[in-house]
Amino acid sequence: MNEHLLNHRSRKDHAAALAAATAEVGRYLDGRTTPRSSASPAHLAAQTAAVDLSTPLGTLDKAMVEVRGLYLDHAVGYHHPRYLSHLNCPVTIPALAAETLATSVNTAVETWDQGTSACLIEQKLVDWVADLIEFDRPAQVTPDGVFTTGGSQSNLQGLFTAREDRLARPGPGGTTPADRCARLSRLRIVTGEHAHLSVVKAARLLGLAPDAVIILPGDGDRMDPATLDRALASVADAGDEVAAVVALAGTTDHGAIDPLREVGLVCRRHDVWLHVDAAYGGGLLVSPTRRDLLDGIGLADSVTVDFHKTFFLPVAASALLLRDRSGFRHSTVSADYLNPADGDDHAVDKSLQTTRRFDALKLWMTLRVLGADGIGRMLDDAIDVARRIGRTIDSEPDLELVRRPALSTVLFRPRPEACDPDESDALVRPVRDALFAEGRSVVAATVVDGRPCLKLTILDPELSDQDVAAVLADVREAARYLADGMRQATTAAVLS
Ligand SMILES: *Cc1c(COP(=O)(O)O)cnc(C)c1O
């Protein structure tokens, strides 16, 4: 018997392995007193390189000890109160229980003969999210959706569907294959300054021209509907076509939400596909107090929602929603061995993937335990924390608030005593790097209005004022130290 393969005979080994893994996670949680270890990249690279993959360890116990030293002891702890960097959330415990079920059973949500009830559960959740979006549609149009690996994949499929929808319609050049090629090179995607990089990547993968993505200057951090209106008119005037407008419901850095209703109305007037990237702001769909921030999202033709950001689920969990399910026909290819075109619906007909994880179960379990309000309240609380931090930073003379938080990010700069703006800018990266190297606090760095700044992304609803104060104290201390160093270096250079 092979005790390493899961079946009814290996249940004891399975239980022991999961108990050992759970104990190891407990050890990790207790031991993670800082958001990361201070081990250097060189040390970690050397220790990984030293593992001889041709010599198995033979037992799970030994492999676990090895992985502790290689991974867990140095993993960045997103749950830690001084990890305030990227859009990584603390995760719900019901989701982790769901992961164990789904990966142990190893269901592939693919065809009915593989997925059965899992397909039903995923479909019910997709319908639930579509209802939350409240797609604006005639009665005969039915929305639909599919789970994906993340916002990047959701955006890719949304834009792919938009491209196919556009090329299927009569355009300036007709719909023969040769016309299609000619039209493809003249397709444009119109978006704002703060679109996610996956939009540009999708344009590349979709075979559009290198200059296909038109970036509109914004009204502050948001898309300006009048500018969009003019841009759509001038694309048409030039004889080009717009595959899609991509509006943002929560930009990655600013959390800015485009005026979705006005943008949607402009798109309708020009008969142009609207894709709303709500990878970040999608959690507002279940917010008990802030759903109105997404007003107009229902005018979209497609929507990206990331459950592994503001729904507090482990990676990976995202979905692409379409206002009109018929758009999924562009993703469908039938094969005799899998999904014959016999009229049955198969999950694989809607997906870019074939074998696909049952990620929906994480959302299901979380929703059934906490309820929609329970999830939404966590995001609401995180936004409240971010706003409080914004006010704190704004009141501190040695910190400069760059934007009032729109969602749950805080953009700011260290400004130690007597620092001019150039010095303050020069401190941003070194401060972030110093904190990361030391491991005490992990914050992000970005560029706003052409100037570097630090970013805190708040997704921990329970973050306390003391936790925040500790991070800000680390930032200040590093900034003062580095500013002194910079001045001494300048003085030395002047004297020499
Ligand atoms: C995070 C993010 C994405 C990409 O999502 P992944 O899940 O990381 O692939 C897309 N758009 C926005 C606005 C995001 O913040």
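This passage walks through a five-stranded sheet and its helices, then a buried histidine, the cysteines, the aromatic pairs and some unusual backbone spots. The model is a predicted one.

The sheet is the natural place to start. It is open, has 5 strands with mixed pairing, and reads β1-β11-β12-β10-β9 in order. The edges belong to β1 (83–84) and β9 (399–403); each has a single partner strand, so one side of each goes without a neighbour in the sheet. Helix α12 (residues 360–394) packs on this sheet and touches β9, β10 and β12. The direction of α12 makes about 20 degrees with that of β10. Helix α14 (residues 465–495) also lies across the sheet, over β1, β9, β10, β11 (442–448) and β12. Relative to β10, α14 runs at about 25 degrees.

Strand β10 deserves a closer look. On one flank, β9 and β10 run antiparallel and are joined by 4 bridges. The link between β9 and β10 is a hairpin, made through 5 residues. Within this pairing, L401 sits opposite F412 of β10. On the other flank, β10 (residues 409–414) pairs with β12 (residues 451–457), again in the antiparallel sense and over 4 bridges. Here V410 has L456 of β12 as its bridge partner, while T409 is matched with T457 in β12. As a general point, strands of a sheet pair through backbone hydrogen bonds, in either a parallel or an antiparallel way.

How much of β10 is buried? The count is 6 of the 6 residues, so β10 is largely enclosed by the rest of the structure. Both faces of the strand are covered. T409, L411 and R413 are buried on one side, and V410, F412 and P414 are buried on the other. That puts R413 on the list of buried residues along with its strand mates.

Away from the sheet, H346 is worth a stop. This histidine is found in the loop between β8 (318–322) and α12. Although H346 is a loop residue, its relative accessibility is 9%, so it counts as buried. What does the side chain of H346 reach? It gets to the backbone nitrogen of W112, at 3.3 Å. W112 also turns up among the contacts of H346, which, leaving aside neighbours within four places in sequence, are E110, T111, W112 and N339.

The cysteines give a plain result: the disulfide count is 0. For C419, the closest cysteine sulfur is that of C453, and it is 15 Å away, which is too far for a bond. C419 counts as buried because its relative accessibility is 12%. C89 is buried as well, with a relative accessibility of 7%.

Turning to the aromatic rings, a search of the whole structure finds 3 pairs. In one of them, the ring centres of F307 and F311 are 4.9 Å apart and the planes meet at 85 degrees, so the arrangement is edge-to-face. F307 and F311 are both buried. Ring pairs also bring in F147, linking it with F307 and F311 into a cluster.

A few backbone spots finish the picture. Most residues other than glycine have a negative phi, and most peptide bonds are trans. Against that background, the peptide bond joining V315 and A316 is cis, with omega at about 5 degrees. A316 has its place in the loop between α11 (307–310) and β8.

Two residues other than glycine have a positive phi to report. For N106, phi is near 65 degrees, and the residue is found in the loop between α4 (93–105) and α5 (112–133). For E134, phi is about 55 degrees, and this residue belongs to the loop between α5 and β2 (144–148). Are these two buried or exposed? N106 counts as exposed, at 59% relative accessibility. E134 likewise counts as exposed, at 57%.

Definitions and conventions: Residues numbered from 1 in each chain as written. Predicted model: local features only at pLDDT ≥ 70, side-chain atom pairs only at ≥ 80, totals over all residues. Heavy atoms only, no water. Pairing = 2+ DSSP bridges. Contact = heavy atoms within 4.5 Å. Axes fitted to C-alpha atoms, helices over the stretch in contact; angles between N-to-C directions. Disulfide = S-S within 2.5 Å. Buried < 20%, exposed > 50% of the residue type's maximum accessible area, 1.4 Å probe, protein only. Polar contact = N/O pair within 3.5 Å; in protein donor to acceptor, adjacent residues only side chain to side chain. Phe/Tyr/Trp six-rings, centres within 6.5 Å; stacked < 30°, edge-to-face > 60°.
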